Amino acid sequence: MSHKRIPKRKAALAAGSVVALGAAAILLPNANASQDGSSADTAAAPRTLKAGDASDLASQLAGLLGDAFAGSYYDADQQQLVVNVISGDNNNVIVQAKKAGAAVREVDNSIRELEAGAQTLKSEATIPGTAWAVDPRTNKILVTADSTVTGAKWDTLESTVESLGSGMATIKKSAGTFKTFLSGGDAIFGGGARCSAGFNVTAGDGSPAFLTAGHCGVAEAAWSDTQDGEPIATVDQATFPGDGDFALVKYDDPATVAPSEVNLGDQTVQISQAADAEVGLEVFRMGSTTGLSDGQVLGLDATVNYPEGTVTGLIQTDVCAEPGDSGGSLFTQDGLAIGLTSGGSGDCTVGGETFFQPVTTALAAVGATLGAGDAAGGEEAGAGEEAGAGEEAGAGEEAGAGEEAGAGEEAGAGQEVGGEEAGGEAVGGEEAGTGDDTGTGVEDGSGLTETN
């Protein structure tokens, strides 16, 4: 099977990443495994945690600390979970968080205050081209406006932010334009549109399926793994805009086998399970236009006002993406499925913001589990299940899954899609990614699809 070539600049991993670039590099070593100390001092000292465990601990502390919990983020350099607390006169909350193994930071703004500020933005400044999410590292709401927000729109946004009070929010301008990335892991084609498949799953009725972006699912009902090819999968459920951007697409052939993996080119990355994102988490995105890119999670529960409507509950990152990457896989170094590419601004030359649909939320909404139940073969494509995975902590889903290929791939259907040789950069022992010129798509009036 062949894949499209992608310039090295698009696949290069950040210098600070734990992943080494090179033909023999391994993308998913267990370098981040928990190294919990066993000395008596560990109750007060922050624990060294891998990303999935940090996310689990954050969820536990949110329930344990109640109103005192003011958000958390993952310090990738120290491999520690940092928890914000509103302690007031109750020093016990700090003691509890430290005993649980978190690094603790006292802050001014509570979660309730930040959520109230976000609600004010929703009611008074829902303007196309704007987005906001809570940034626990600054303990403020990060408001982003794209290049279309000018004049009266900018004045409204700015005055709304000011009305929240000092120290509650900051505004950032983006050079690009917020848009979904419909056009073109592996590419999938529907009518004139092109997207990327995200992760293979097992639907509630036991049939093989994959997840992709909701705006892809509402754009076309039937999808193929080759341009102008026969459909191999049909949309079962799709949400966009509104409470997310995700779609469940069922393979037409119930015998389709779709392994749990993300296809990077000549090799695949095994996905162990789905997990929630944590601010500060290092993540990797695979898409059929730009191949492999990496970056960090910047915010959770983000609201994005696309031209087509408002979408809530997204993950905000500094990972780049371009039209055609929609629906592609967002995953971690240790093989956790995190998100599905939704949209954003910028490109992989100048950078920008990209938003992702959380996988855990999508799975719960469509009633599916990550991976596939039968394993016979299904090579390179799909993304079905690693056989019995469900392990590690974090998500408790069945096995991992991912491959952006989902539809664009062998998975019972014959071939991966892409038609070009994988190229680009060796990541994790493999040639990175896909990307480029399968040419494709038709204009849909929004400038979101690629055309020849």
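## Exercises on a predicted model

Thr 234 touches Ala 221, Leu 248, Val 249, Lys 250 and Asp 252, when residues up to four places away in sequence are not counted. The exercises below concern a predicted model.

### Exercise 1: Thr 234

Determine in which element Thr 234 lies, and whether Thr 234 counts as buried, partly exposed or exposed.

Solution. Thr 234 belongs to strand β13, which covers residues 233–239. The next step is accessibility: the relative value for Thr 234 is 36%, and because partly exposed residues are those between the 20% and 50% limits, Thr 234 counts as partly exposed. As a last step, consider Trp 223, which is 11 residues from Thr 234 in sequence, while their C-alpha atoms are 6.3 Å apart in space.

### Exercise 2: helices α2 and α3

Describe how α2 and α3 pack, giving the angle and the distance between their axes, and then work out which residues make the contact.

Solution. Two packed helices are described by the angle between their axes and by the distance between those axes. For α2 and α3 the angle is about 155° and the axes are 11 Å apart. Since angles over 145 degrees count as roughly antiparallel, α2 is therefore roughly antiparallel to α3. The crossing in which α2 passes α3 is right-handed. On the α2 side the contact is made by Leu 61, Leu 64 and Leu 65, and on the α3 side by Val 93, Gln 96 and Ala 97. Sorted by class, this contact of α2 with α3 has five nonpolar residues, one polar residue and no charged residues.

### Exercise 3: the buried face of α3

Identify the buried residues of helix α3 (residues 92–99), and explain how they are placed around the axis of α3.

Solution. The buried residues of α3 are Val 93, Ile 94 and Ala 97. Viewed down the axis of α3, these buried residues fall within an arc of 100°, so they line one face of the helix. The elements against which the buried residues of α3 pack are α2 (51–65), β2 (80–85) and β3 (103–106). Just after α3 comes Gly 101, with a positive phi of about 105°.

### Exercise 4: helices α4 and α5

Find the relative orientation of α4 and α5, and list the residues through which α4 and α5 meet.

Solution. Helix α4 (residues 111–124) and helix α5 (residues 151–163) pack at an angle of about 155°, and their axes are 10 Å apart. The two helices α4 and α5 are therefore roughly antiparallel to each other, and their crossing is right-handed. From α4, Thr 120, Leu 121 and Glu 124 meet Thr 156, Leu 157, Thr 160 and Val 161 of α5. By class, the contact of α4 with α5 has three nonpolar, three polar and one charged residues.

### Exercise 5: backbone geometry

Compile the phi values of Asn 139 and Asp 301, and say what kind of peptide bond joins Phe 240 and Pro 241.

Solution. Most residues other than glycine have a negative phi, and most peptide bonds are trans. Asn 139, which is not a glycine, has a positive phi near 60°; Asn 139 is found in the loop between β4 (130–135) and β5 (140–145) and, at 6% relative accessibility, counts as buried. Asp 301 likewise has a positive phi, of about 50°, although it is not a glycine; Asp 301 is placed in strand β19 (residues 291–306) and is exposed, with a relative accessible area of 59%. Phe 240 and Pro 241 are joined by a cis peptide bond, with omega about -15°, and Pro 241 lies in the loop between β13 and β14 (246–251).

Technical notes:
Residues are numbered from 1 along each chain as its sequence is written. This is a predicted model: local features need pLDDT of at least 70, side-chain atom pairs count only at pLDDT 80 or more; totals for chains, interfaces and linings use all residues. Side-chain values use heavy atoms; hydrogens and water are left out. Axes are lines fitted to C-alpha atoms, for helices over the stretch in contact, and angles run from 0 to 180 degrees between N-to-C directions. Helices (H or I, at least four residues) and strands (E, at least two) are DSSP runs, numbered from the N terminus. Angles under 35 degrees count as roughly parallel, over 145 as roughly antiparallel, 65 to 115 as roughly perpendicular and the rest as oblique. A crossing is left-handed if the near helix is turned anticlockwise from the far one by less than a right angle, and right-handed if clockwise. Contact means heavy atoms within 4.5 Å. Ala, Val, Leu, Ile, Met, Phe, Trp, Tyr, Cys and Pro count as nonpolar, Asp, Glu, Lys and Arg as charged, and the others, Gly among them, as polar. Buried means under 20% relative accessible area, exposed over 50%, partly exposed in between (1.4 Å probe, protein chains only). The arc is that of the directions from the helix axis to the C-beta atoms.
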